[in-house]
Amino acid sequence: MYAEPGIIRKIIEGTGPTWAVVGLSANEQRAAFGVAEFLQRHGKRVVPVHPKAETVHGERGYASLSDIPFDVDVVDVFVRSEFAGAVADEAVAVGAKAVWFQLGVIDEDAYERTRAAGLPMVMDRCPAIEIPRLR
């Protein structure tokens with residue numbers, strides 16, 4: 001319901017290469033770490049966004065989306081659902097082109113707000129699963 005195939009393809013193939021991954025830290029045990037590595041292997045620039053602002057996969061980290069000093073194409077969200085809406089709102093505010101909520105991250109109100117702001121969005125999906133499906 002929150003992942004129309006056309007929108008998934010548009011975000012992955014047509015939105016741009018810079019993906020801010022919110023919740024990405026240097027913890028190799030976290031899903032965000034592996035997904036970010038996958039995105040890099042598929043030509044995406046991954047920008048870590050985490051309160052610790054750690055460098056991950058060779059990319060400098062930032063504490064928030066608003067701290068990133070360049071344009072972001074996609075905001076990929078790896079935070080609990082109760083915090084995801086604020087991240088989506090910040091993505092709209094910083095001019096991101098799309099928002100992606102990872103598996104298990106669901107906020108229907110944020111989905112509606114983000115879509116109403118004109119951004120394509122998927123929710124409860126993982127690009128590491130969807131990219132191979134598109135090929």
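Two strands pair if DSSP finds at least two bridges between them. The exercises below apply this to a predicted model.

**Exercise 1. Which strands pair with β3, and over how many bridges?**

Solution.
Step 1. Take strand β4, residues 98-101: β3 and β4 pair in the parallel sense over 4 bridges. One of the partners can be named, since in β4 alanine 98 is the bridge partner of valine 74.
Step 2. Take strand β1, residues 18-22. The pairing of β1 with β3 is also parallel, over 4 bridges. Within β3, valine 77 is the bridge partner of valine 22, and valine 75 stands opposite alanine 20.
Step 3. Compare with the cut-off. Each pairing has 4 bridges, and at least two are needed.

**Exercise 2. Give the strand order of the sheet and state which strands stand at its edges.**

Solution.
Step 1. The sheet is open, has 5 strands and follows the order β2-β1-β3-β4-β5, with parallel pairing.
Step 2. The edge positions belong to β2 and β5 (121-122). Each of these has a single partner strand, so one side of each is left without a neighbour in the sheet.
Step 3. Add the helix. Helix α3 packs on the sheet and touches β1, β3 and β4. The direction of α3 makes about 165° with that of β4.
Step 4. Name the connection. β3, α3 (residues 81-93) and β4 form a β-α-β unit, and this unit is right-handed.

**Exercise 3. Are the residues on the two faces of strand β3 buried or exposed?**

Solution.
Step 1. Sort the residues by face. In a regular strand, side chains alternate between the two faces of the sheet. For β3 (residues 74-77), Val74 and Asp76 are on one side, with Val75 and Val77 on the other.
Step 2. Apply the cut-off: buried means under 20% relative accessible area.
Step 3. All four residues are buried, and both faces of β3 are covered.

**Exercise 4. Describe the surroundings of aspartate 73 and of threonine 18.**

Solution.
Step 1. Place the two residues. Aspartate 73 is in the loop between β2 (45-49) and β3, whereas threonine 18 lies in strand β1.
Step 2. Check accessibility. Aspartate 73 has a relative accessible area of 6% and is therefore buried. Threonine 18, with 9%, is buried too.
Step 3. Find the polar link. The aspartate 73 side chain reaches the backbone nitrogen of threonine 18 at 2.8 Å.
Step 4. List contacts, leaving aside neighbours within four places in sequence. Aspartate 73 is in contact with Thr15, Gly16, Pro17, Thr18, Ala96, Lys97 and Ala98. On the same basis, the contacts of threonine 18 are Arg45, Val47, Phe70, Asp71, Val72, Asp73 and Val74.

**Exercise 5. Valine 22 and valine 92: which counts as buried and which as partly exposed?**

Solution.
Step 1. Valine 22 has its place in strand β1. Its relative accessibility is 8%, so valine 22 counts as buried.
Step 2. Leaving aside neighbours within four places in sequence, the contacts of valine 22 include Val49, Leu65, Val75 and Val87.
Step 3. Valine 92 is in helix α3. With 30% relative accessibility, valine 92 counts as partly exposed.
Step 4. Not counting residues up to four places away in sequence, valine 92 touches Thr114, Ala117 and Leu119.
Step 5. Add two C-alpha separations. Valine 22 and glycine 118, 96 residues apart along the chain, are separated by 21 Å. For valine 92 and arginine 133, 41 residues apart along the chain, the separation is 28 Å.

**Exercise 6. What are the phi values of alanine 53 and histidine 57?**

Solution.
Step 1. The phi of alanine 53 is near 50°, a positive value in a residue other than glycine. Histidine 57, not a glycine either, has a positive phi of about 50°.
Step 2. Locate them. Alanine 53 is in the loop between β2 and β3, and histidine 57 is in the loop between β2 and β3 as well.
Step 3. Check accessibility. Alanine 53, at 32%, counts as partly exposed. Histidine 57 has a relative accessible area of 23% and is partly exposed.

**Exercise 7. Which residues does the annotated domain cover, and how much helix and strand do they hold?**

Solution.
Step 1. An unreviewed UniProt entry carries the annotation "domain: CoA-binding" for residues 14-105.
Step 2. Over residues 14-105 the chain is 27% helix and 20% strand. The end C-alpha atoms of this stretch are 23 Å apart.

Note on methods:
Residues are numbered from 1 along each chain as its sequence is written. This is a predicted model: local features need pLDDT of at least 70, side-chain atom pairs count only at pLDDT 80 or more; totals for chains, interfaces and linings use all residues. Side-chain values use heavy atoms; hydrogens and water are left out. Buried means under 20% relative accessible area, exposed over 50%, partly exposed in between (1.4 Å probe, protein chains only). A crossover is right-handed if, with the strands pointing away from the viewer, the path from the first strand over the helix to the second runs clockwise. A polar contact is a pair of N or O atoms within 3.5 Å; within protein, one must be able to donate a hydrogen and the other to accept it, and residues adjacent in sequence count only if both atoms are side-chain atoms. Contact means heavy atoms within 4.5 Å. Axes are lines fitted to C-alpha atoms, for helices over the stretch in contact, and angles run from 0 to 180 degrees between N-to-C directions. UniProt positions are given in the numbering used here, feature names are shortened, and annotations may be inferred rather than shown by experiment.
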